Amino acid sequence: MKVREALTEKMKRGTLHMTLIDPAKQEPVKAGEIAEVASKLGTDAIMVGGSTGVTQENLDDTIKAIKARSSVPVIYFPSCAKAMSPYADAIYFMSMMNSRTVQMVMREQMKGALVVRKLGIEPISMGYIIVAPGMKVGEVGEAEVIPRDDAKLAAAYALTAEYLGMQSVYLEAGSGAPQPVPEDMIRAVRETITIPLIVGGGIRDAETAAKVKNAGADVVVTGTVVENGRFSKRLEEIIRAVKC
Ligand code: 1GP
């Protein structure tokens with residue numbers, strides 16, 4: 001079964017959790033260890049990507065190390081078409097919808113499309129929407145970030161993604177954001193679209209994860225949490241909150 005199909009099936013039974021690993025933040029062997037722990041704790045997929053510092057080499061080596069130690073799907077979460085890995089099971093084929101530059105909205109995608117097909121990676125299309133503060137990804141993507149009090153704007157972008165035929169929407173506050181995407185914004189988007197809603201950025205504890213889930217996220221993403229050495233207890237609590 002393909003990755004999207006399998007995750008969609010799982011989503012019918014409840015909210016999913018995905019662990020984001022940035023290949024630039026640790027050695028591949030460490031990434032493999034993180035993935036092993038996260039998958040034992042019940043994470044549903046490992047996303048691999050980062051805004052800066054991703055190279056062909058660290059991407060390939062990180063994905064290989066992850067696949068050697070866990071059996072959950074590995075989804076590449078690219079920042080551009082520069083690096084592309086044949087070892088990934090799927091790729092978020094995404095458009096940063098609220099970027100000011102056509103590079104992030106459509107041009108990188110054009111550069112990557114034929115490569116994705118040639119490598120046989122499953123594309124999962126996704127409308128990527130950056131919410132304030134947006135952090136590094138908002139900066140490098142030249143995003144016109146959605147103000148935190150403008151849920152209607154987020155909903156309008158999300159519905160645009162659905163009408164354009166995209167298979168999912170990702171509301172992103174930015175990795176390491178002091179606050180996650182506001183609950184009323186998640187709720188407004190959930191009520192507007194019928195495709196899966198992924199939410200990430202600034203989710204560091206179980207309480208926050210529960211709020212994001214209860215507001216209507218189909219997938220809760222955490223990244224920074226696994227970057228600190230002793231993360232397993234915290235991640236276990238987060239995954240439990242997402243899945244209870
Ligand atoms: C970033 O949404 C993800 O793309 C994860 O964010 O690192 O803040 O968990 P954090």
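# Notebook: loop, barrel, helices and spaces

I began with P133, which sits in the loop that connects strand 5 and helix 5. I note at the outset that I am working from a predicted model, and everything below is to be read in that light. For the peptide bond running from A132 to P133 I found the cis form, with omega near 10°. I then moved on to M135, which belongs to helix 5, and noted that its phi is near 50°, a positive value although the residue is not a glycine.

**Entry: the barrel.** I next followed the strands and found that eight of them close into a barrel, in the order 1-2-3-4-5-6-7-8 and with parallel pairing. From one strand to the next the twist averages 30°. As a sample of the pairing I looked up strand 6 (residues 169–172) and strand 7 (residues 197–200), which run parallel and are joined by four bridges. Within this pair I traced Y170 to its bridge partner in strand 7, which is I198.

**Entry: helices on the sheet.** Helix 2 (residues 28–40) packs on the sheet, where I find it touching strand 1 and strand 2 (45–48), and its direction makes about 170° with that of strand 1. I also looked at helix 4, which lies across strand 4 and strand 5 (122–130) and runs at about 155° to strand 4.

**Entry: a helix pair.** Which angle do helix 7 and helix 8 make where they pack? I noted about 30° for helix 7 (residues 183–192) against helix 8, with 8 Å between the axes. Since angles under 35 degrees count as roughly parallel, I describe helix 7 and helix 8 as roughly parallel to each other. On the helix 7 side the contact is made by E183, I186, R187 and R190, and on the helix 8 side by K211, V212 and A215. By class, I recorded three nonpolar and four charged residues in this contact, with no polar ones.

**Entry: the largest pocket.** I then turned to the open spaces, and for the largest pocket I noted a volume of about 730 Å³. Its lining holds 41 residues, and those that lie nearest the centre are G50, S51, F77, P78 and S79. At least two lining residues each come from strand 1 (16–21), strand 4 (90–96), helix 4 (102–119) and helix 5 (135–140). I sorted the lining of this pocket by class and obtained 22 nonpolar, twelve polar and seven charged residues.

**Entry: the second largest pocket.** Here I noted a volume of about 190 Å³. The pocket is lined by 14 residues, of which Q179, P180, E183, T208 and K211 are the closest to its centre. Helix 8 (residues 206–215) gives the largest share of this lining, namely four residues. The lining divides into five nonpolar, three polar and six charged residues. I marked E183 and K211 here, as both are also listed in the contact of helix 7 with helix 8.

**Entry: the cavity.** How many cavities of 30 Å³ or more are there? I count one, and for the largest cavity I wrote down about 120 Å³ of space. It is lined by 16 residues, with S175, G201, G202, G223 and T224 closest to the centre. Strand 6 and strand 8 (219–222) each supply at least two residues of this lining. Its classes come out as five nonpolar, nine polar and two charged.

Key. Residues are numbered from 1 along each chain as its sequence is written. This is a predicted model: local features need pLDDT of at least 70, side-chain atom pairs count only at pLDDT 80 or more; totals for chains, interfaces and linings use all residues. Side-chain values use heavy atoms; hydrogens and water are left out. On a 1 Å grid over the protein atoms alone, a cavity is a set of points where a 1.4 Å probe fits but cannot get out, and a pocket is an open set with protein on both sides within 12 Å along at least five of seven lines; lining residues have an atom within 4 Å of a point. Grid points are joined across faces, edges and corners, and a volume is the space filled by probe spheres set on the points. Ala, Val, Leu, Ile, Met, Phe, Trp, Tyr, Cys and Pro count as nonpolar, Asp, Glu, Lys and Arg as charged, and the others, Gly among them, as polar. Two strands pair if DSSP finds at least two bridges between them. Axes are lines fitted to C-alpha atoms, for helices over the stretch in contact, and angles run from 0 to 180 degrees between N-to-C directions. Contact means heavy atoms within 4.5 Å. Angles under 35 degrees count as roughly parallel, over 145 as roughly antiparallel, 65 to 115 as roughly perpendicular and the rest as oblique.
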